[in-house]
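Open your viewer and get ready to click along. This tour tells you what to select at each stop and what you will find there.

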Number of protein chains: 2
Amino acid sequence: MSDLPKDTYARNALTTPTRSKERADWDRYSLHAILDAGYLCHLGFVRDGRPVVLPTLYARVGERLYIHGSTGSRPLRGAQDDQGLAVCVTVTHLDALVLAKSAFHHSVNYRSVVAHGTAYQVTDPAELRAALDAIVDQVVPGRSADCRPGNAKELAATAVIRLDLDQVSAKSRTGGVNDDEADLDLPYWAGLVPVSPVRGAPEPSPHTDVPLPGYLAGPAC
Amino acid sequence: MSDLPKDTYARNALTTPTRSKERADWDRYSLHAILDAGYLCHLGFVRDGRPVVLPTLYARVGERLYIHGSTGSRPLRGAQDDQGLAVCVTVTHLDALVLAKSAFHHSVNYRSVVAHGTAYQVTDPAELRAALDAIVDQVVPGRSADCRPGNAKELAATAVIRLDLDQVSAKSRTGGVNDDEADLDLPYWAGLVPVSPVRGAPEPSPHTDVPLPGYLAGPAC
């Protein structure tokens with residue numbers, strides 16, 4: 001298992017020089033593409049000196065991430081301060097299992113982005129509304145225009161933090177098996193097993209009496 | 001988006017009393033089931049006072065997680081110390097998108113486990129070998145017995161950290177849409193869109209001349 005993500009993420013930073021590393025020749029557009037292909041992130045922060053990692057939803061809007069939270073949650077209480085909250089937001093897509101002839105060269109194909117920085121709570125009502133719309137649309141493009149918008153009370157009960165994409169890096173593994181030459185003739189199956197998230201048939205609620213919207217008809221995941 | 005994971009994870013700890021919380025009535029077996037259903041985790045640790053979250057692979061063996069790393073990686077350098085390394089390991093499965101009539105009640109169905117604690121590098125050769133086998137088998141059950149085992153040099157180049165499941169909690173959302181009564185007749189589509197990871201047809205390498213093993217023939221993901 002030699003090819004797994006390490007903390008050698010090459011910086012593809014927007015404000016710092018790019019360092020070239022193997023499997024990290026990602027430009028900004030590739031980085032955006034990885035972020036745009038997902039909506040689930042893992043949000044890391046420090047509480048009492050120890051790390052906390054929680055799953056949540058996000059949206060990318062330009063060079064900024066909006067990350068969903070709750071006003072009752074600890075990360076957001078930290079982000080309410082002027083100093084903001086140090087966070088790490090990681091998005092990972094798994095693309096294939098890589099089965100080699102040797103245990104050592106087993107791996108996975110993946111794409112991931114790691115964004116470091118200081119997050120701040122979104123307090124401007126217009127920005128908050130736009131951010132929530134963006135998060136809804138990141139999951140199902142077009143959906144925010146086809147549901148009842150949040151009212152003032154609901155917006156007050158929801159919290160979003162923003163993180164500018166200043167310190168952001170991408171890493172991936174693609175391609176086939178990298179077995180040692182000496183192992184190639186071993187009598188084991190080797191190859192790739194593709195993995196992807198797949199959406200099943202939409203299941204309408206009992207209170208739905210409109211046709212399936214076009215934005216749910218596609219095979220997107 | 002009121003139903004997303006917050007840091008209100010109920011403890012289902014093995015050493016501390018269980019605190020009951022809505023959507024957190026998980027017992028230890030449910031917690032194991034969530035861990036056993038995955039192999040990708042997000043590993044959080046603190047570096048220079050700031051959080052870092054990296055994707056990697058893991059295996060559960062009894063009441064312990066083994067997490068793959070590299071001897072060159074920073075988290076493991078920390079874990080080599082006698083004091084170990086404070087980590088948070090989070091495993092998340094996304095099960096469905098929940099589309100409500102109101103933007104506010106949009107959500108996702110998911111299962112997740114968050115494990116906090118101090119991780120240590122595995123140094124005993126027998127434990128390291130068993131841990132690597134477990135990680136391979138967590139991804140593809142049965143695979144570790146059907147490939148060339150790691151030799152001494154390969155084992156020395158691989159690192160694994162262990163985390164006992166002492167401070168571990170689970171959280172999930174299941175079920176349907178939770179719209180407000182007043183919104184039920186709004187003319188929007190509402191319901192669930194199932195999401196699941198799916199494995200595609202295995203793609204053998206050019207050097208594979210054995211049949212597809214039985215452990216790859218199933219629909220497992």
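We begin with the whole assembly, then visit single strands, turns and a helix.

**Before you start**

What you see is a predicted model, in which local features need pLDDT of at least 70, side-chain atom pairs count only at pLDDT 80 or more, and totals for chains, interfaces and linings use all residues. Residues are numbered from 1 along each chain as its sequence is written, while chains are lettered from A and ligands numbered from 1 in the order in which they are written.

**Stop 1: chain A as a whole**

Colour chain A by secondary structure and you will find four helices and nine strands. Helices here are DSSP runs of H or I with at least four residues, strands are runs of E with at least two, and both are numbered from the N terminus. Starting at the N terminus, the order of elements in chain A is α-β-β-β-α-β-β-α-α-β-β-β-β.

Of its 221 residues, 49% count as buried. The term buried asks for 20 or more other C-beta atoms within 10 Å of a residue's own, exposed means 12 or fewer, and partly exposed lies in between, with C-beta atoms placed from the backbone. Among contacts in chain A with a separation of 6 or more, 72% join residues 24 or more positions apart; a contact means that the C-beta atoms, placed from the backbone, lie within 7 Å.

**Stop 2: the two copies**

Now show both chains. A turn of 180° with a shift of 0.0 Å along the axis lays chain B on chain A with an RMSD of 0.0 Å. The two copies are thus related as by a two-fold rotation axis. The superposition is by least squares on the C-alpha atoms of residues with pLDDT of at least 70 in both copies. Which residue of chain B comes closest to the rotation axis? Select Pro197(B), whose C-alpha atom is at 2.1 Å.

**Stop 3: where the chains meet**

Select the side of chain B that touches chain A: 87 residues of chain B are in contact with 88 residues of chain A. E8(B) gives the most to this side, with nine residues. By class, the side has 51 nonpolar, 24 polar and 12 charged residues. In this count Ala, Val, Leu, Ile, Met, Phe, Trp, Tyr, Cys and Pro are nonpolar, Asp, Glu, Lys and Arg are charged, and the others, Gly among them, are polar.

For a pairing that crosses between chains, pick strand E9 (residues 203-204) of chain A, which runs antiparallel to E8(B) over two bridges. Strands pair if DSSP finds at least two bridges between them. Here Pro204(A) stands opposite Gly191(B) in E8(B).

**Stop 4: two hairpins in chain B**

Move to E2(B), where 10 of the 12 residues are buried. On one side, eight bridges join E1(B) and E2(B) in the antiparallel sense, and Phe45(B) stands opposite Val52(B). The two strands form a hairpin with two residues between them. Zoom in on Asp48(B) in the turn: its phi is positive, about 55°, although it is not a glycine. Is Asp48(B) buried or exposed? Asp48(B) is exposed, with 7 other C-beta atoms within 10 Å.

E2(B) also runs antiparallel to E3(B), over four bridges, with Arg60(B) opposite Leu65(B). In this second hairpin, again with two residues between the strands, Gly62(B) takes a positive phi near 60°.

**Stop 5: the nonpolar core**

Select Ile67(A) and Ile67(B), which touch the most other members of the largest nonpolar core, a set of 120 residues. Such a core is made of buried Ala, Val, Leu, Ile, Met, Phe, Trp, Tyr and Cys residues joined through C-beta atoms within 7 Å. Leaving out residues up to four places away in sequence, Ile67(B) touches partners including Cys41(B), Tyr58(B), Val89(B), Ala119(B) and Leu163(B).

**Stop 6: helix H3 of chain B**

Finish on H3(B). Its 15 residues should span 21 Å at 1.5 Å a residue, and its end C-alpha atoms are 22 Å apart, which agrees; the expected span is 1.5 Å times one less than the number of residues. Its buried residues include Leu128(B), Ala131(B), Ile135(B) and Val139(B). Their cover includes strand E4 (85-99) of chain A together with E2, strand E3 (64-69), helix H4 (152-156) and strand E6 (159-164) of chain B.

Last, click Glu127(B), found in this helix. With 14 C-beta neighbours inside 10 Å, Glu127(B) counts as partly exposed. Its C-alpha atom is separated by 9.7 Å from that of Val160(B), 33 residues apart along the chain.

Terms used: Two residues are in contact if their C-beta atoms, placed from the backbone, lie within 7 Å.
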